[in-house]
Amino acid sequence: MRVTDLLWLWILLGVLVVVGGGAALLVPRSRRRGGAAPQAPAPAVEEPPAEAPPVAVPADDATVAAPPAPVVETPAPAAGRLVRLRDRLARSGSPLGARLLSVLSRDHLTEDDWDELEETLLLADIGAGPAGELMESLRTRVRVLGVRDADSVRQLLREELLKIVDPTLDREVATHGPLADDGTRLPAVVLVVGVNGTGKTTTVGKLARVLVAEDRSVVLGAADTFRAAAADQLQTWGARVGVETVRSDRDGADPASVAFDAVKKGRVDGTDVVLVDTAGRLQNKAGLMDELGKITRVVTREAPLSEVLLVLDATTGQNGLNQARVFGEVAGVTGIVLTKLDGTAKGGIVVAVQRELGVPVKLVGLGEGPDDLAPFDAEQFVDGLLG
Ligand SMILES: Nc1nc2c(ncn2[C@@H]2O[C@H](COP(=O)(O)OP(=O)(O)OP(=O)(O)O)[C@@H](O)[C@H]2O)c(=O)[nH]1
């Protein structure tokens, strides 16, 4: 190799070193620091064979994760609950009692004042008959006794309202079953009927709580098979207080068969009370009569009905009365549950519906809370109306 050739070789090597170093400088800093760089497509890697599903190995007892024990609530006793109605009624707009008292406390009651009183009673859904009776009696007594002061007027009004609400009616819900021929006690069967949305399922749930609070044993029958969620709803109510629910998992199952199974379970287990929730769709009277008639016939093979409670929504006024009439004709109603009394100033419906059906209001719903169902008491109710 000649000297010039060697020189050229050295120059070429020098150029290569310079270009190589520059190239290194052109590479982004991040990449040089190990940062993310655009990735080349990953070479196709053969998927490992899917793992076989783990074989279920029976776990030893100590390692089984037990489902959390359901927390069973202790419901509040029902006694004295209606006293709370006072607040609820007083809060629900313009209570009947307050309006009546404001007119009655005027100095000289004119014909217009008496008309206003009557109108107030009618607006509170007391019904024309009872309103007329109350007015006549009150007018006579105010005139004869010559009362004027607020306390005396209030006392008179209280007496008159009490008269039409009727404190003499037996309002106890029949929850003690009859004795069977062999001397054993049958469960009390309480059938709960009414139009959808009035609060039947909620009432059955709340009533179960009242009974549990009184140490009574209860079985629930979810015979509202029309609405699938109703059975779930009822079961949830029951589970909260440790009460079992007999239900069908099939939508549209025969309500009579579910009711029968519930009552049978109650009889076999020696349960105190079986509460049966029904659907009571009001498509037509004949359909309703068929459904409730069948439930009654089938259930009474196991135990007679102790009580048929009609649930009515107090806010529905005249409409509620029409429903009451139909159910009264087809279902042999023995007691009324007036729900949503907390949401209306029309407490007078208590009087109207009792007159309409000739059966007493036994329970009232005062709210959506689990213990917002109270045994009805005429005196406490009237005091609630008067605020
Ligand atoms: N404010 C108030 N709401 C109530 C009362 N009772 C029930 N409700 C509400 O009324 C709604 C209807 O109650 P449900 O018990 O589902 O009525 P239902 O009659 O069983 O209805 P279906 O199952 O469709 O036949 C619910 O949102 C209840 O919380 C009450 O006393 N006061």
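How many other C-beta atoms lie within 10 Å of Ala 231, and is Ala 231 buried or exposed? The answer comes in the view of helix H9, after a look at the whole chain.

**View 1. The whole protein chain, as a predicted model.** Start here to get your bearings: the chain has 387 residues, and 39% of them count as buried. It holds 14 helices and eight strands. Take the contacts between residues at least 6 apart in sequence: 76% of these join residues at least 24 apart. As for confidence, the average pLDDT of the chain is 80, with 79% of the residues scoring at least 70. Then there is the stretch of residues 15-64, where the pLDDT is below 50 and the model has four contacts beyond near neighbours in sequence. The scores for the model are ipTM 0.96 and pTM 0.79.

**View 2. Ala 231 in helix H9.** Here is the residue from the opening: Ala 231 is buried, because 25 other C-beta atoms lie within 10 Å, and the cut-off for buried is 20 or more. Its helix, H9, covers residues 228-240. Set aside the neighbours within four places in sequence, and Ala 231 is in contact with Ala 222 and Arg 247. Asp 249 is also worth finding: 18 residues separate it from Ala 231 in sequence, and their C-alpha atoms are 8.7 Å apart in space.

**View 3. The shell around the ligand.** Count the residues that surround the ligand and you get 21. The closest are Asn 196, Gly 199, Thr 201, Thr 202 and Gly 365. What is this shell made of? Polar residues number 11, charged ones seven and nonpolar ones three. Helix H8, residues 200-213, gives the largest share of the shell, with three residues.

**View 4. Helix H8, from end to end.** Now follow the helix that gives the ligand shell its largest share. With 14 residues at 1.5 Å a residue, H8 should span 20 Å, and its end C-alpha atoms are indeed 20 Å apart. Of those 14 residues, 13 are buried, so H8 is largely enclosed by the rest of the structure. After the helix, look for Asp 215, which has a positive phi near 65°.

**View 5. Helix H10 and what covers it.** H10 runs over residues 255-269, which makes 15 residues. Its first and last C-alpha atoms are 21 Å apart, close to the 21 Å expected at 1.5 Å a residue. Which residues of H10 are buried? They are Pro 255, Ala 256, Val 258, Ala 259, Phe 260, Ala 262, Val 263, Gly 266 and Arg 267. As you trace that pattern, keep in mind that an α-helix has 3.6 residues a turn, so residues three or four places apart point the same way. The cover over the buried residues of H10 includes the strands E1, E2 (218-223), E3 (244-246) and E4 (273-278), along with helix H11 (285-299). Gly 270 follows the helix and has a positive phi, near 70°.

**View 6. Lys 265, a partly exposed residue of H10.** Stay on H10 and pick out Lys 265. This residue is partly exposed, because 17 other C-beta atoms lie within 10 Å, while buried takes 20 or more and exposed 12 or fewer. Not counting residues up to four places away in sequence, Lys 265 touches Val 219 and Val 246. Leu 385 is 120 residues from Lys 265 along the chain, and the two C-alpha atoms are separated by 42 Å.

**View 7. Two loop residues with positive phi.** Asp 166 sits in the loop between helix H7 (150-165) and strand E1 (188-193). Its phi is near 70°, a positive value in a residue other than glycine. Lys 340 belongs to the loop between strand E6 (335-339) and helix H13 (349-357), and its phi is positive too, near 60°. Buried or partly exposed: which describes Asp 166? With 16 C-beta neighbours inside 10 Å, Asp 166 counts as partly exposed. Lys 340 has 20 other C-beta atoms within 10 Å and is buried.

**View 8. The span listed by UniProt.** In an unreviewed entry, UniProt lists residues 360-373 under "domain: SRP54-type proteins GTP-binding". In the model, this span is 43% strand and 0% helix, and its end C-alpha atoms lie 16 Å apart.

Conventions
Residues are numbered from 1 along each chain as its sequence is written. This is a predicted model: local features need pLDDT of at least 70, side-chain atom pairs count only at pLDDT 80 or more; totals for chains, interfaces and linings use all residues. A residue is near a molecule or strand if its C-beta atom, placed from the backbone, lies within 6 Å of it. Helices (H or I, at least four residues) and strands (E, at least two) are DSSP runs, numbered from the N terminus. Ala, Val, Leu, Ile, Met, Phe, Trp, Tyr, Cys and Pro count as nonpolar, Asp, Glu, Lys and Arg as charged, and the others, Gly among them, as polar. The expected span of a helix is 1.5 Å times one less than its number of residues. pLDDT is the predictor's confidence in each residue, from 0 to 100. Two residues are in contact if their C-beta atoms, placed from the backbone, lie within 7 Å. UniProt positions are given in the numbering used here, feature names are shortened, and annotations may be inferred rather than shown by experiment.
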